[in-house]
Amino acid sequence: MIMNGKELSLKIKENLKKEVEKLDPKPSLVVIQVGEDPASSIYVNSKAKLAREIGYEFEHAKFDENVSEEELIQKIEYINSSDSINGVIVQLPIPKHLDANKIINKINPTKDIDGLTELNAGKLLTSKASLVSCTPKGIITLLKEYNVPFEGKHVVIVGRSNLVGKPLIGLCLNENATVTVCHSKTKDLAKVTKKADILIVAVGKAKLITADYVRKGAVVVDVGINRVDGKLYGDVDFESVSKKAKLITPVPGGVGPMTTISLMENVLVSYNEMKKRR
Ligand code: NAP
């Protein structure tokens, strides 16, 4: 059976819209984009469309690809001090002359709706985070919607990026799962992944995970987005694995829409917390 992220994201969107209708002023977010990377432009435009449909104020802060670190940090400092902006993200990747880690950590953690500052990443591991990285948050929301139990289950995560794999460790531990993390140096990957009750794959290699890597009846979450000859593929070979898995996410239509809608949920979290502090 398929876990339909697209459908769930639309349901969450409608709920957010209803909540936002009652709010004045409206929640607001800024997306900072540097340069003209076509994939980034597609992502930013789809965030802008969704945010406006929900009823948020949206600013697309676009910078030339030669922008200096100082200029970007100035913009972030302005956003940090603004009473009317609730959240900000820096669309990644950014050009190599800029230190992405340094720039992201200039964001006030209370406005860090991507959950990527070191403070929010650390809070996740001590169970105190309110702004959680969007892809991992979306994955947990989707699994819960399909009543997938975590407690005592073995979750195997393939990939240890700061964006996906690492925050998932904290979230799955908080749900009382037993967690194993694999990466490019893991020996005999299939032997480990076959032990998973829940297998989450975030690698960036089309169809890396075939049926031989999966236990019959496992739940499989495919985070990968790989463009091959103009077509999108996940990291999981959907055709063979879907015959073996109990539940599986498709690409597209699985984790992708859950990531964007989780960002929108985080805007409201940040808005409500700012309101409380006033
Ligand atoms: P990343 O930063 O490139 O990390 C990839 C991870 O995979 C690394 O930890 C790497 O190990 C590991 N890896 C590479 N080859 C491997 C192999 N053969 N066996 C086991 N592990 C291997 O990627 P990311 O940002 O996490 O993204 C992963 C994928 O998810 C990409 O396709 C990306 O486009 C997609 N993504 C999708 C969404 C969404 O909303 N659907 C959101 C974010 C990312 P090392 O650490 O040892 O190098």
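How do the residues of the lining of the second largest pocket divide into nonpolar, polar and charged? Six are nonpolar, five polar and two charged. The legends below go through that pocket and several other spots in this predicted model.

**View 1. The second largest pocket, with its mixed lining of nonpolar, polar and charged residues.** This pocket holds about 220 Å³ of space. It is lined by 13 residues, and the ones closest to its centre are Val-158, His-183, Ser-184, Val-203 and Leu-208. Val-158 also belongs to the next view, where its bridge partner in β5 is Cys-182.

**View 2. Strand β4, residues 154-158, is mostly covered.** Five of its five residues are buried. His-154, Val-156 and Val-158 point one way from the strand, while Val-155 and Ile-157 point the other way. So which residues of β5 and β6 sit across from this strand? Val-158 has Cys-182 as its bridge partner in β5, and Val-156 stands opposite Leu-199 in β6.

**View 3. The neighbours of β4 are β5 on one pairing and β6 on another.** Strand β5 covers residues 178-182, runs parallel to β4 and is joined to it by five bridges. To get from β4 to β5, the chain goes through helix α7 (residues 165-174), and this β-α-β crossover is right-handed. With β6 (residues 198-201) the pairing is parallel too, and four bridges make the link.

**View 4. The open sheet has five strands in the order β5-β4-β6-β7-β10.** The pairing is parallel. β5 and β10 (247-248) stand at the edges, and each has a single partner strand, so one side of each is left without a neighbour in the sheet.

**View 5. Cys-172 and Cys-182, two buried cysteines without a disulfide.** A search of the whole structure turns up zero disulfides. Why is there no bond at Cys-172? The closest cysteine sulfur, in Cys-182, is 13 Å from the sulfur of Cys-172, which is too far for a bond. For a disulfide, the pair of sulfur atoms would have to be within 2.5 Å. Looking from the other end, the sulfur of Cys-182 has Cys-172 as the home of its closest cysteine sulfur, again at 13 Å and too far. Cys-172 counts as buried at 0% relative accessibility, and Cys-182 counts as buried at 1%.

**View 6. The largest cavity holds about 40 Å³ of space.** How many cavities of 30 Å³ or more are there? The count comes to one. Lining the largest cavity are Val-88, Ile-89, Val-90, Leu-92, Ile-104, Ile-107, Asp-112, Asp-114 and Leu-116. Strand β3 (residues 87-90) gives the largest share of this lining, with three residues. By type, the lining divides into seven nonpolar residues, no polar ones and two charged ones.

**View 7. Two cis peptide bonds, one from Asp-24 to Pro-25 and one from Leu-92 to Pro-93.** For the bond that joins Asp-24 and Pro-25, omega is about 0°. Pro-25 is found in the loop between α1 (5-21) and β1 (28-34). At the bond from Leu-92 to Pro-93, omega is near 0°. Here the proline is in the loop between β3 and α4 (100-104). Leu-92 turns up in the cavity view as well, as one of the residues that line the largest cavity.

**View 8. Asp-188 and Asp-229 have positive phi although neither is a glycine.** Where is Asp-188 found? It is in the loop between β5 and α8 (189-193), and its phi is about 50°. For Asp-229, phi is also about 50°, and this residue is found in the loop between β8 (226-228) and β9 (231-233). Is Asp-229 buried or exposed? It is exposed, with a relative accessible area of 79%.

**View 9. Ile-139 in helix α6, residues 134-145.** This isoleucine is buried, with a relative accessible area of 1%. Take Ile-94 as a second point in the frame: Ile-139 and Ile-94 are 45 residues apart in sequence, and their C-alpha atoms are 25 Å apart in space.

Methods
Residues are numbered from 1 along each chain as its sequence is written. This is a predicted model: local features need pLDDT of at least 70, side-chain atom pairs count only at pLDDT 80 or more; totals for chains, interfaces and linings use all residues. Side-chain values use heavy atoms; hydrogens and water are left out. On a 1 Å grid over the protein atoms alone, a cavity is a set of points where a 1.4 Å probe fits but cannot get out, and a pocket is an open set with protein on both sides within 12 Å along at least five of seven lines; lining residues have an atom within 4 Å of a point. Grid points are joined across faces, edges and corners, and a volume is the space filled by probe spheres set on the points. Helices (H or I, at least four residues) and strands (E, at least two) are DSSP runs, numbered from the N terminus. Ala, Val, Leu, Ile, Met, Phe, Trp, Tyr, Cys and Pro count as nonpolar, Asp, Glu, Lys and Arg as charged, and the others, Gly among them, as polar. Buried means under 20% relative accessible area, exposed over 50%, partly exposed in between (1.4 Å probe, protein chains only). Two strands pair if DSSP finds at least two bridges between them. A crossover is right-handed if, with the strands pointing away from the viewer, the path from the first strand over the helix to the second runs clockwise.
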